Amino acid sequence: MTKLEDKKGFTTGQVAEICHVTIPTVIKWIDSGKLKGFRLPGSKSRRVTRDDLVQFMRENNIPLDRLDAEKKRILIVDDDRGILELLRAIFDEEGDWEIRVVERGFDAGLAKEFQPDCILLDIMLPDIDGRKVCSYLRQTPELRDVKIIAVSGYISEGGFQDLLDQGFDDFLVKPFSNEELVSKVRRLVTGRTG
């Protein structure tokens, strides 16, 4: 079993990542019978076994080297446990992310050890302003290139540009949709939204 695959097979998101296509393309492949897939009992989620994916990739001249790629890493910093659990569940469902969560801005120092590809950082933390955490991360050489998304319940109209000027790569205003969240993270980390 590869680092991406679990015992239930590859998710459509993982297959999309491996084959460098969008998730809707993978779903079309499965629905049309080009790629053999299955649904998890009691779920709408489609999965693909490793053997079926390897056969499909060989038949379509898709390089097999991506099968053993590492999971992308996300650090989530938010003082709201409900939000932390929701965000963890969203990315767990996607299947191709390794997640760490912390509730305090000072705990974002975990990023030096964890080396995330992306940090979802709440601006309004009880112990320190999220903008100061972002500044610290940008001054840390080994974290200078990590993608940082500001998360806030309220950002003023001019605040978007201020956040970008302060070192954030993007922002999310609560409430946001699961699709918007995943799309922004994927775009920043992989260059694709699907």
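**Exercise 1. Find which residues of α1 are buried, and describe how the helix sits in the structure.**

Step 1. Take the residues of α1 (12-19) in turn: Thr12, Gly13, Gln14, Val15, Ala16, Glu17, Ile18 and Cys19 are buried, where buried means under 20% relative accessible area, exposed means over 50%, and partly exposed lies in between, with a 1.4 Å probe and protein chains only. Helices (H or I, at least four residues) and strands (E, at least two) are DSSP runs, numbered from the N terminus.

Step 2. Since eight of the eight residues of α1 are buried, this helix is largely enclosed by the rest of the structure.

Step 3. Look just past the end of the helix, where α1 is followed by His20, whose phi is positive, near 60°.

Before going on, note that this is a predicted model, in which local features need pLDDT of at least 70 and side-chain atom pairs count only at pLDDT 80 or more, while totals for chains, interfaces and linings use all residues. Residues are numbered from 1 along each chain as its sequence is written, and side-chain values use heavy atoms, with hydrogens and water left out.

**Exercise 2. Describe the largest pocket and state which elements supply its lining.**

Step 1. Begin with the volume, which is about 520 Å³ for the largest pocket. On a 1 Å grid over the protein atoms alone, a pocket is an open set of points with protein on both sides within 12 Å along at least five of seven lines, whereas a cavity is a set of points where a 1.4 Å probe fits but cannot get out; lining residues have an atom within 4 Å of a point. Grid points are joined across faces, edges and corners, and a volume is the space filled by probe spheres set on the points.

Step 2. Of the 20 residues that line this pocket, Thr12, Ile23, Ser45, Glu93 and Glu94 are the closest to its centre.

Step 3. Assign the lining to elements: α1, α2 (23-32), β3 (46-48), α4 (81-94) and α8 (178-190) each supply at least two residues, and the largest share, five residues, comes from α8.

Step 4. Sort the lining by residue type, which gives five nonpolar, eight polar and seven charged residues. Here Ala, Val, Leu, Ile, Met, Phe, Trp, Tyr, Cys and Pro count as nonpolar, Asp, Glu, Lys and Arg as charged, and the others, Gly among them, as polar.

**Exercise 3. Give the strand order of the open three-stranded sheet and explain what sets its edge strands apart.**

Step 1. The order in this open sheet is β1-β3-β2, with antiparallel pairing, and two strands pair if DSSP finds at least two bridges between them.

Step 2. β1 (10-11) and β2 (38-39) stand at the edges with a single partner strand each, so one side of each is left without a neighbour in the sheet.

Step 3. Examine one pairing in detail: two bridges join β1 and β3 in the antiparallel sense, and Thr11 stands opposite Arg47 in β3.

Step 4. Turn to β2, the strand that holds Phe38; with a relative accessibility of 31%, Phe38 counts as partly exposed.

**Exercise 4. Place Asp122 in its strand and describe its surroundings.**

Step 1. Asp122 belongs to strand β6 (residues 118-122), and β6 runs parallel to β7, to which it is joined by five bridges. In this pairing, Leu121 stands opposite Ala150 in β7.

Step 2. Check the burial: Asp122 is buried, with a relative accessible area of 5%, and strand β7 (residues 147-152) is mostly covered, since five of its six residues are buried.

Step 3. List the contacts, meaning heavy atoms within 4.5 Å. Leaving aside neighbours within four places in sequence, Asp122 is in contact with Val77, Asp78, Asp79, Gly130, Val151, Ser152 and Lys174.

Step 4. Add one distance: a polar atom of the Asp122 side chain lies 3.4 Å from the backbone nitrogen of Met124.

**Exercise 5. Describe the backbone at Asn61, Gln115 and Pro175, and give the loop in which each lies.**

Step 1. Asn61, in the loop between α3 and β4 (72-77), has a positive phi of about 55° although it is not a glycine, and at 70% relative accessibility it counts as exposed.

Step 2. Gln115, in the loop between α5 (110-114) and β6, is not a glycine but has a positive phi of about 55°, and at 35% relative accessibility it counts as partly exposed.

Step 3. Pro175 is found in the loop between β8 (170-173) and α8, and the peptide bond that leads to it from Lys174 is cis, with omega near -5°.

Definitions and conventions:
A polar contact is a pair of N or O atoms within 3.5 Å; within protein, one must be able to donate a hydrogen and the other to accept it, and residues adjacent in sequence count only if both atoms are side-chain atoms.
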